Amino acid sequence: MGAILALCGAVSQGLFRNPLADPSLIGVTGGATLGAAAAMVLGAGALPALPVLTVISFGAFAGGVAAVLLVYRLATDSTGTSVATMLLAGIAITALAGALVSLVEFYADNALLRRISLWKMGGLETGSRPEVVLALAVTAVLCVALPRHGTALNALLLGESEAAHLGIRVGRLKAVLVTWIALGVGVSVALAGTIAFVGLVVPHVVRLAIGPDHRYLLPGSALAGAILLLLADTAARLLAPPAEIPVGILTAIVGVPFFLSLLRQRARFGMVAP
Amino acid sequence: MSTLLEARHLSAGWGGCAVLSDIDLDLGAGEVLGLLGPNGAGKSTLLRAMAGDLAPLAGELVLDGRPLSAWPPQARARRVAYLPQASSLAFPFTVHEVVMLGRLPHDAGRRADDAIVAAVLAWTDTTHLAGRLYTLLSGGEQQRVQLARVLCQLMHSSPEEPLEGRLLLLDEPSAALDLRHQQLLVDTVRDLARRGCTVVLSLHDLNLLSSLADRLLVLAGGACRALDTPAALLTCEFLGELFGTELAVQPHPLKGYPLVFPLD
């Protein structure tokens, strides 16, 4: 799960040429959360034949794709894609998705409400066998599919038209990457709720350690993300036994101050303000 | 001289609105074309159209007998290298990594790539910067690194190979360069042209342009005002009218090409 989030974070940062891009900042996580919440409420009644897990995953994936397409469309005009507009649109979409999730919660009954709100905090405590298999499968697919685009992502950092001048099919590359990100984030949201800041902080730290070359950054982020989340989850289980603190709360509490200190110090590592 | 790039009644622009209209042009191997004109005349738009960034709104642009838009991206990238006016790289790559990105369209092997990168670093006087982080360089240094990246895209398998059939597009390559590096740029462009590379560049420094270009394309308001040799075009009357300011023109004391300077 950590590997998925960190990989998706590293790819988004490359794709949007912005070290601050993160699936949760550009609205993917918000959209996926809305999709999953809607699926929880509607799906159980409408499609009783399918396993609940599949319905939620599909809802999260659809929500993620819808959000990213919307944000992307809003931020793109004939002169290219504006990263600033994209981040702002992402904030707007996240706010809208948040409001709609609240609306869903408002109409949900008590049992469902508790389920949604626990799940939103992010947790890994419910590791049933099909969930683990799904997570492993998606991790494997992403770990194979994404690093293949490492060199192209490096070129993309120069700028979209520069990458095109280097012979990269930029439109196709972006479509492929956005689909993978939505898949990864969708599945991760469906299985573990929103686990904040892993996708943002991990690639950032790995980049400071080994440089921005995506051929090394992507596998490095996957590995570091997995380790970080394992540590966070262990801590979440040990801090207040027998209760288990939802791990999403823990990563946010630890991640935010860490990220803020990175923001202040990054000039020292050769990062300039985007 | 065979034609490498041909523009026929070319119009190009943004969002369906033509910035550039009805340009006709033939460029041969080894020719250096300078673009000249006031701000907003369409110089960058023409370069971006030639780089394939902008599809023609009307007319056509033909590279080596085939419409530019019909070239597969990688094949085109092996023939056309383009240096934009400004670059926005905000990630801390080393200079060597940035220049190496220019080798992406090629698969000449590690040894050829290394030889070519070493050569272009020397041509742009950036060898001593190779291990530094790009984001921490000065504006002029960054410009030379970007130039090195674009130059190493031109070569296929060796830094000394002949360059017929390649097109180098430079948008204001000297804007941030000091005098010594401007001269280095002029020498490099001349050398590439001598080896058959076709070069199109826009420069605001008329004297650099005059010393370097075989022909000048003068743009004003998106239309072609004139297309001729620097000696024929760089006259007090023509320039004064083009830029709306009084200028004097004298031949270079040693080389003979026209030098332009303001009167006041």
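**Fold, core and contacts of chains A and B**

Among contacts in chain A between residues at least 6 apart in sequence, 78% join residues that are at least 24 apart. This is a predicted model, and the values below are computed from it. Chain A has 274 residues, of which 50% count as buried. Its secondary structure comes to 12 helices and two strands, and from the N terminus on the elements run α-α-α-β-β-α-α-α-α-α-α-α-α-α.

A useful starting point is the annotation of chain A. In an unreviewed entry, UniProt lists residues 24–45, 52–75, 87–108, 177–204 and 245–263 of chain A under "transmembrane region". Two of these stretches can be set beside the model. Over residues 87–108 of chain A the chain is 95% helix and 0% strand, with the end C-alpha atoms 31 Å apart. Over residues 245–263 of chain A the figures are 89% helix and 0% strand, and the end C-alpha atoms are 28 Å apart.

The C-terminal part of chain A offers two residues for a closer look. Gly255(A) has its place in helix H12 (residues 247–265) of chain A. With 20 other C-beta atoms within 10 Å, Gly255(A) reaches the cut-off of 20 or more and therefore counts as buried. Val198(A) is 57 residues from Gly255(A) in sequence, yet the two C-alpha atoms are 7.5 Å apart in space. Leu208(A), in helix H10 (residues 198–210) of chain A, has 18 C-beta neighbours inside 10 Å and so counts as partly exposed. Leu208(A) is 54 residues from Leu262(A) in sequence, and their C-alpha atoms are 9.9 Å apart in space.

Turning to the interior, the largest nonpolar core holds 158 residues, and Leu7(A), Val68(A) and Leu169(B) touch the most other members. Helix H9 (residues 170–192) of chain A gives the most to this core, with 12 residues. Leaving aside residues up to four places away in sequence, Val68(A) touches Ile26(A), Gly27(A), Val28(A), Val178(A), Ile181(A) and Ala182(A).

Helix packing within chain A is illustrated by H7(A) and helix H11 (residues 214–239) of chain A, whose axes come within 8 Å and cross at roughly 115 degrees. Here Gly150(A), Thr151(A), Leu153(A) and Asn154(A) of H7(A) meet His214(A), Arg215(A) and Leu218(A) of H11(A). The residues of this contact divide into two nonpolar, four polar and one charged.

Helix H7(A) appears again where the two chains meet. Chain A and chain B bring 25 residues each to their contact. On the side of chain A that touches chain B, the elements giving two or more residues are helix H7 (150–157) and helix H8 (160–165) of chain A. The residues on that side of chain A comprise 11 nonpolar, 10 polar and four charged.

For chain B, an unreviewed UniProt entry carries the annotation "domain: ABC transporter" over residues 5–246. Over this stretch of chain B the chain is 35% helix and 25% strand, and the end C-alpha atoms are 35 Å apart. One of its helices, H5 (residues 139–154) of chain B, allows a simple check of geometry: at 1.5 Å a residue, its 16 residues should span 22 Å, which agrees with the 23 Å between its end C-alpha atoms. Helix H5(B) is also mostly covered, with 14 of its 16 residues buried.

Notes. Residues numbered from 1 in each chain as written. Chains lettered and ligands numbered in written order. Predicted model: local features only at pLDDT ≥ 70, side-chain atom pairs only at ≥ 80, totals over all residues. Contact = placed C-beta atoms within 7 Å. Helix = DSSP H or I, 4+ residues; strand = E, 2+ residues; numbered from the N terminus. Nonpolar A, V, L, I, M, F, W, Y, C, P; charged D, E, K, R; others polar. UniProt positions renumbered as here; feature names shortened; annotations may be inferred. Axes fitted to C-alpha atoms, helices over the stretch in contact; angles between N-to-C directions. Core = buried A, V, L, I, M, F, W, Y, C linked by C-beta atoms within 7 Å. Buried ≥ 20, exposed ≤ 12 C-beta atoms within 10 Å, placed from the backbone. Expected span 1.5 Å × (residues − 1).
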